[in-house]
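The following exercises are to be worked through with the sequence and the three-dimensional structure in view. Each task is followed by a solution in steps.

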Amino acid sequence: MKKFAFSLEKVLGYKRQVLGVLKNELSRLQLQRREIEQKMDEIDCEFEATNQKLSAQMRDGMSPHTVAVYKAYLDSLNRRTLTLLDEKRKLLKMIAAKQEEIVRMNCDISGLERLRDKQFEAYCTQERKEQETFIEEFVSHVGSTAGQVPARQTIRI
């Protein structure tokens, strides 16, 4: 009997490659999310430090112009935070979509692997049946020729 070959092996290999690419893309998106969160944390720290500095200077007294400059700076930090929040929301949607793609691809791969396993089991069963048939035929042939004397062979030199 010929060697087992899964007819969809190339498709399975291709899907595994695509899964690897999807996982790499997901990792890249998650890295971008972490970078955005880090930037947001830095802006929050900067906002808190600037706000405390403004409060301390306001207690000691400062000009209205200086207060306006501080307020404008704090507003710009808030706008940057809102922009980063918007980017993060978009990124989270992309991450969720990528995760769904990965789940679908994993399902496709596991379906193909189950199909391959079933086909291999059928192949093994067929191979066992053929071996049993061969052994039965061999035994019946040997049994029927057991009483016969083998013909004398002559050797030529």
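**Exercise 1. Salt bridges**

How many salt bridges does the count come to? Describe several of the pairs and their places in the helices.

*Solution.* The model under study is a predicted one.

Step 1. The count comes to nine salt bridges. As general background, side chains of opposite charge can pair when their charged atoms come close.

Step 2. One of the pairs joins the side chains of D108 and K15, with 3.4 Å from N to O. Because D108 belongs to helix α2 and K15 to helix α1, this pair ties together parts that are 93 residues apart in sequence. D108 has a relative accessible area of 35% and is therefore partly exposed. K15, with 21%, is partly exposed as well.

Step 3. A further salt bridge is formed by the side chains of R89 and D86, at 3.8 Å from N to O. Both residues lie in helix α2, three residues apart, which is about one turn of the helix. D86 has a relative accessible area of 35%, so it counts as partly exposed.

Step 4. The side chains of R116 and D117 also meet in a salt bridge, at 3.9 Å from N to O. R116 is partly exposed at 21% relative accessibility, and D117 is partly exposed at 40%.

**Exercise 2. The residue K98**

Is K98 buried or exposed? Determine also which residues it touches and which network it joins.

*Solution.*

Step 1. K98 lies in helix α2.

Step 2. The cut-off for a buried residue is under 20% relative accessible area. K98 has 14% relative accessibility and therefore counts as buried.

Step 3. When residues up to four places away in sequence are not counted, K98 touches L22, E25, L26 and L29.

Step 4. K98 is linked with E25 and E101 in a network of salt bridges. E25 thus appears among the residues touched by K98 and in this network.

**Exercise 3. The nonpolar core**

How many residues does the largest nonpolar core have, and which of them have the most contacts inside it? State which helices supply it.

*Solution.*

Step 1. The largest nonpolar core has 19 residues. Those with the most contacts inside it are L19, I36, L84, I102, M105 and I109.

Step 2. Helix α1, residues 9–60, and helix α2 each supply at least two residues of this core. Helix α2 gives the most, with 10 residues.

Step 3. I36 may be followed further. Leaving aside neighbours within four places in sequence, I36 is in contact with L84, E87, K88 and L91. L84 is, like I36, one of the residues with the most contacts inside the core.

Step 4. Next, consider L91, which is placed in helix α2. Its relative accessibility is 6%, so L91 counts as buried. Not counting residues up to four places away in sequence, L91 touches L29, Q32, R33 and I36.

**Exercise 4. The residue K88**

With which side chain does the side chain of K88 make a polar contact? List its contacts as well.

*Solution.*

Step 1. K88 is found in helix α2, which covers residues 64–144.

Step 2. The side chain of K88 makes a polar contact with the side chain of E37, at 3.1 Å.

Step 3. With neighbours within four places in sequence left aside, K88 is in contact with I36, E37 and M40. E37 is therefore included both among these contacts and in the polar contact, since contact means heavy atoms within 4.5 Å.

**Exercise 5. Surface and separations**

Which residues make a nonpolar surface patch of about 520 Å²? Give also two separations between C-alpha atoms.

*Solution.*

Step 1. The patch is made by F134, I135, F138, V139 and V142.

Step 2. V142 lies in helix α2. At 39% relative accessibility, V142 counts as partly exposed, because the partly exposed class lies between the limits of 20% and 50%.

Step 3. I135, a member of the patch, is 44 residues from L91 along the chain, and their C-alpha atoms are separated by 65 Å.

Step 4. For the second separation, take E35, which is placed in helix α1. E35 is partly exposed, with a relative accessible area of 38%. E35 and A122 are 87 residues apart in sequence and 52 Å apart in space, from C-alpha to C-alpha.

Key: Residues are numbered from 1 along each chain as its sequence is written. This is a predicted model: local features need pLDDT of at least 70, side-chain atom pairs count only at pLDDT 80 or more; totals for chains, interfaces and linings use all residues. Side-chain values use heavy atoms; hydrogens and water are left out. Helices (H or I, at least four residues) and strands (E, at least two) are DSSP runs, numbered from the N terminus. A polar contact is a pair of N or O atoms within 3.5 Å; within protein, one must be able to donate a hydrogen and the other to accept it, and residues adjacent in sequence count only if both atoms are side-chain atoms. A nonpolar core is a set of buried Ala, Val, Leu, Ile, Met, Phe, Trp, Tyr and Cys residues joined through side-chain atoms within 4.5 Å. Buried means under 20% relative accessible area, exposed over 50%, partly exposed in between (1.4 Å probe, protein chains only). Patches are made of residues with over 30% relative accessible area and no salt bridge: like charges are joined within 9 Å, nonpolar side chains (Val, Leu, Ile, Met, Phe, Trp, Tyr) within 5 Å. Accessible areas come from the Shrake-Rupley method with a 1.4 Å probe; for residues, only the protein chains shown count as cover. A salt bridge is a side-chain nitrogen of Lys or Arg within 4 Å of a carboxyl oxygen of Asp or Glu.
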